[in-house]
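Please open the structure in your viewer and keep the selection tool at hand, since each stop of this tour begins with something to pick out.

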Number of protein chains: 2
Amino acid sequence: MNDASTTPRDVRMRGFARRTTVADALVRLDRELYQLPAETATIIDAADRVLASHVQSQIDVPGFDRAMMDGFALQASNTLGASPYNRLVLTIVGQVLPGSTFRGPVVDGQAVRIMTGAPMPRGADAVLPVENVQVEGDRLFALDEVSPGKHVGRRGEDIRSEATVLEAGRRLRPQDLGVLSSIGIAEVPVVRQPRVRIAVTGNELLPPGTRPEGVRIADANSPMLASLVVRDGGRPINPGIVPDDPAALRTALHTDVDVILVSGGSSVGQEDLVPILLAEYGELLVHGLAMRPSSPAGFGRIGPRLVFLLPGNPVSCFCAYDFFAGRAIRALSGRSKDWPYRQTKLPLRRKLVSTIGRVDYARVQIVDKYVEPLAISGASILSSTTLADGFVVVEQDSEGSAPGELVDVYLYD
Amino acid sequence: MNDASTTPRDVRMRGFARRTTVADALVRLDRELYQLPAETATIIDAADRVLASHVQSQIDVPGFDRAMMDGFALQASNTLGASPYNRLVLTIVGQVLPGSTFRGPVVDGQAVRIMTGAPMPRGADAVLPVENVQVEGDRLFALDEVSPGKHVGRRGEDIRSEATVLEAGRRLRPQDLGVLSSIGIAEVPVVRQPRVRIAVTGNELLPPGTRPEGVRIADANSPMLASLVVRDGGRPINPGIVPDDPAALRTALHTDVDVILVSGGSSVGQEDLVPILLAEYGELLVHGLAMRPSSPAGFGRIGPRLVFLLPGNPVSCFCAYDFFAGRAIRALSGRSKDWPYRQTKLPLRRKLVSTIGRVDYARVQIVDKYVEPLAISGASILSSTTLADGFVVVEQDSEGSAPGELVDVYLYD
């Protein structure tokens, strides 16, 4: 550590000299973002992961002409004029099941019992569905006509060999895994998931879920952050609460991961070592934001690791995560940087007040299709995020919105 | 098995005598649905699970009056009239950090350095933020006024003891886990996840991701169904492809799980044993549906186990899963029965044709904010579900929709 006038030590106990706007901070953050390299995953494990390269099929699907209905493979011309009042008779010469092959060709006047998915016998050009026949022994009575090609799936009809089946950047859906499997692909290259070290600091903290005692409180941020990281495609690593001392923080800041989330110690108070250590070991890119809550938040990097300073207060921590850290984790994992929340536009029930010069993250409820800002006395109220149905972002140049005005709501669900 | 005229054996190779409407099938299905009992999960494992009981707080949060800003705890009256031009002086008598307690009371003219989250010393009634002071040794110059109670979080302000914090049926969000942790709750009762046996049948099938050979094809349904089951809150169990024989199917149908998904062998063709076995071992509730694709689908039960008959064709399998099996899995796991897809309303670019008397599941793309039905020759085209952005359901009493008409689109993403 040094005392040069540019270090954060300078602002200790003096407050932030200047707060970065959210817009500027996002521009600064985006310059640091990149996509992690690929790794291989089985198609079972690839669910919901982001494909790292285009996938081309090496084969035709189907690989052979096949029946699309249960019924009888035959020559369509043999059914010409067939109806319940003009039953045409053919001879059943065998059957073919999926995975097997009918030996001979089907000639004029013959029919082969066929199941959906079974390969078409040579000579047959249509399937007469089971609903349109009567069977007596080896005699088949056609009750309807079929046209050539009817109920036959052609080789390559679904996917042609060398066709691009899925494009890089796609988040793999259940049906995508089905397609990959059907073209004989058992493993795919997917974007590696960012390893995210959660470092919750605070000597006042008891482990998550511990009953608070006296002036000690339970760590609310670890389980919340772990769940957010998973939501955004990262893999949380959380070995436990980090004591507020330089050695422990130094170790945490040097974990071999992609992203470090430090909760607590991010302000400019006497014990807020983290920004100082980050500036010393790496680069403190943004610290102090024109937003509420989360104004003491910041971020920087140590070598290749992105480090986010999240306030210890749970609501501020949640908000700072959502504005900055979540965005980075999504980008690294190949996902869209945008919030994963559903959006809706609804009118305000009451005035939503804000202050020009800062972004406000206002928790709201939706009551009878109106947006009701939650009346909350302080940023600290974590229960406001559980009572809320979502939030509204009030931009920095806005004083808020009047009753009846339409606002964009991001829904927590 | 018996040959009584009411068994499905009767309809073998004759087609479905009567198809159940989707609406009737859903009514019938909903009568079978229930919520699984609770189990205990740690708050880390409870992410995204459904809470089985209300959670009440046993404590006040915060448990003590605390500072909401970094600054100085003092008597607000001592700052009356303070400004940068009228600096008022106080004496710094100590400091208090989160997790510690200031020994003595704060009296008139005194200030205690305090960090956000630290307990308020006795006698102090406000925090003067660090931004509004100058410090020289143990002398504090107040540069602004604060009113009593300012920047102080009151005991119980966030959550009062005995308040209901989260209600039963809620799917736990990241911030909910934070709240649970902060009230000292380490484990919660959550609805048990349904165990879902995936039984993909078909002698023509090679294991998922195997390169198809000759007339044998790779199982596309296992990875697709496993991913769908996870999406809907279930735990997939898939020991591998089930041979098309009564003994193997019998074993699969008697697995000790909550839900069984059988893919393939669900039609009325010669090899379609599953409906027959289901009727023999339990109850075949619905078989044959007025919908496209997926008309051979059905469901029933064997004792407490819900059994879904999904066609082997991947698109039909996907569609039948989404209409019936997914709904059941979501209900069992305590979630909303509704589709998890985002919905949007957009105009059609081209005519969407359907047949009165059946529900159509039409895959569509969204191009320039218009809905473009995919031109697909058959139900079998699994790639249609990967090319599509979503789907439109054409109701049974509709012939389809005209260009420009607004339709509800369910989005796959």
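## First stop: a pair of strands in chain B

Select Thr91(B) and then Gln110(B), which is its bridge partner in strand S6(B). The model is a predicted one, in which local features need pLDDT of at least 70 and side-chain atom pairs count only at pLDDT 80 or more, while totals for chains, interfaces and linings use all residues. Residues are numbered from 1 along each chain as its sequence is written, with chains lettered from A and ligands numbered from 1 in the order in which they are written.

Now widen the selection to strand S5 (residues 88-96) and strand S6 (residues 110-114) of chain B, which pair in the parallel sense over five bridges; two strands pair if DSSP finds at least two bridges between them. Helices (H or I, at least four residues) and strands (E, at least two) are DSSP runs, numbered from the N terminus.

Adding the other members shows an open sheet of six strands in chain B, in the order S7-S4-S6-S5-S9-S8 and with mixed pairing. Strand S7 (126-129) and strand S8 (133-136) of chain B stand at the edges with a single partner strand each, so one side of each has no neighbour in the sheet. Neighbouring strands here are turned by 40 degrees against each other on average, direction ignored; axes are lines fitted to C-alpha atoms, for helices over the stretch in contact, and angles run from 0 to 180 degrees between N-to-C directions.

## Second stop: a sheet and its helix in chain A

Move to chain A and select the strands of another open sheet of six, ordered S16-S13-S17-S21-S20-S18, again with mixed pairing. At its edges are strand S16 (235-237) and strand S18 (283-287) of chain A, each with a single partner strand, so one side of each is left without a neighbour in the sheet. The average turn between neighbouring strands of this sheet is 20 degrees, direction ignored.

Within this sheet, strand S20 (residues 298-302) and strand S21 (residues 305-310) of chain A pair in the antiparallel sense over five bridges, and the partner of Gly298(A) in S21(A) is Leu309(A). Next, select helix H6 (residues 314-332) of chain A, which packs on the sheet and touches strand S13 (195-200), strand S17 (259-263), S20 and S21 of chain A, its direction making about 165 degrees with that of S21(A).

## Third stop: the core

Which residues have the most contacts inside the largest nonpolar core? They are Leu261(A) and Leu261(B), in a core of 181 residues. Such a core is a set of buried Ala, Val, Leu, Ile, Met, Phe, Trp, Tyr and Cys residues joined through C-beta atoms within 7 Å, where buried means that 20 or more other C-beta atoms, placed from the backbone, lie within 10 Å of a residue's own.

Leaving aside its neighbours within four places in sequence, Leu261(A) is in contact (C-beta atoms, placed from the backbone, within 7 Å) with residues including Val196(A), Leu225(A), Phe308(A) and Ala325(A).

## Last stop: the two chains together

Show both chains and select the 82 residues of chain B that are in contact with 82 residues of chain A. Elements giving two or more residues to this side of chain B include helix H2 (174-182), helix H3 (221-231) and helix H6 (314-332) of chain B.

Finally, a rotation of 180 degrees with 0.0 Å of shift along its axis superposes chain B on chain A (RMSD 0.1 Å), by least squares on the C-alpha atoms of residues with pLDDT of at least 70 in both. The two copies are thus related as by a two-fold rotation axis.

Methods. Contact = placed C-beta atoms within 7 Å. Buried ≥ 20, exposed ≤ 12 C-beta atoms within 10 Å, placed from the backbone.
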